[in-house]
Amino acid sequence: MTEIFDLASVLLTKLRRIPDTVRDFSVSVSDARRHYYLTPELLDQLMAMGLPHRGTGDAIRFDLVDVMNLALHLGSSPPARAARRFWA
């Protein structure tokens, strides 16, 4: 589990370089879970580590590109596994 958070820390450092003015905070927690297999617990920890977001409670929203990058690098979803298979 520590390996995931080390990778997440590196990813978040890069994602925080992107200005909020170019972000579209449109992905809800339920959408992140359903489409990108990111659990609410993981998202809570990522937010505590500095993941950009807007809103509180049930109205929390994330940037689509941020969620896609996190899912690709951290996730075990079928799309993430398929993408990594072709990286080599």
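1. In this predicted model, Asp20 forms a salt bridge with Arg23, and the closest N and O atoms of the pair are 3.0 Å apart. The two partners differ in their surroundings, since Asp20 is partly exposed at a relative accessible area of 35%, whereas Arg23 has a relative accessibility of 9% and therefore falls under the 20% limit for a buried residue.

2. Asp20 also takes part in a second salt bridge, in which its side chain meets that of Arg54 at 2.5 Å, N to O. Because Asp20 lies in the loop between helix 1 and strand 1 while Arg54 lies in the loop between helix 3 and strand 2 (61-63), this pair ties together parts that are 34 residues apart in sequence. Arg54, for its part, is partly exposed, with a relative accessible area of 40%.

3. Arg23 sits in the loop that runs between helix 1 (2-15) and strand 1 (25-28), and the contacts of its side chain extend to backbone atoms. The side chain of Arg23 reaches the backbone oxygen of Leu15 at 2.4 Å, and that of Ile18 at 3.2 Å. Leaving aside residues up to four places away in sequence, Arg23 touches Leu15, Arg16, Ile18, Pro52, Asp63 and Asp66.

4. The structure holds four salt bridges, and one of them pairs Arg34 with Asp31, with the closest N and O atoms 3.1 Å apart. Arg34 and Asp31 are three residues apart in helix 2 (residues 29-36), which means that about one helical turn separates them. Asp31 is partly exposed, its relative accessible area being 25%. Elsewhere, salt bridges with shared partners join Asp20, Arg23, Arg54 and Asp66 into one network.

5. Helix 1, whose residue Leu15 was named above as a contact of Arg23, has 14 residues and spans 20 Å from its first C-alpha to its last, close to the 20 Å expected at 1.5 Å a residue. Its buried residues are Phe5, Ala8, Leu11, Leu12 and Leu15. Viewed down the axis of helix 1, these buried residues fall within an arc of 120 degrees, so they line one face of the helix.

6. The buried residues of helix 1 pack against helix 3 (40-48) and helix 4 (64-74), while on the other side of helix 1 the residues Thr2, Glu3 and Lys14 are exposed. Leu15 thus appears in two roles, as one of the buried residues of helix 1 and as the residue whose backbone oxygen the side chain of Arg23 reaches at 2.4 Å.

Terms used. Residues are numbered from 1 along each chain as its sequence is written. This is a predicted model: local features need pLDDT of at least 70, side-chain atom pairs count only at pLDDT 80 or more; totals for chains, interfaces and linings use all residues. Side-chain values use heavy atoms; hydrogens and water are left out. Helices (H or I, at least four residues) and strands (E, at least two) are DSSP runs, numbered from the N terminus. Buried means under 20% relative accessible area, exposed over 50%, partly exposed in between (1.4 Å probe, protein chains only). A polar contact is a pair of N or O atoms within 3.5 Å; within protein, one must be able to donate a hydrogen and the other to accept it, and residues adjacent in sequence count only if both atoms are side-chain atoms. Contact means heavy atoms within 4.5 Å. The expected span of a helix is 1.5 Å times one less than its number of residues. The arc is that of the directions from the helix axis to the C-beta atoms.
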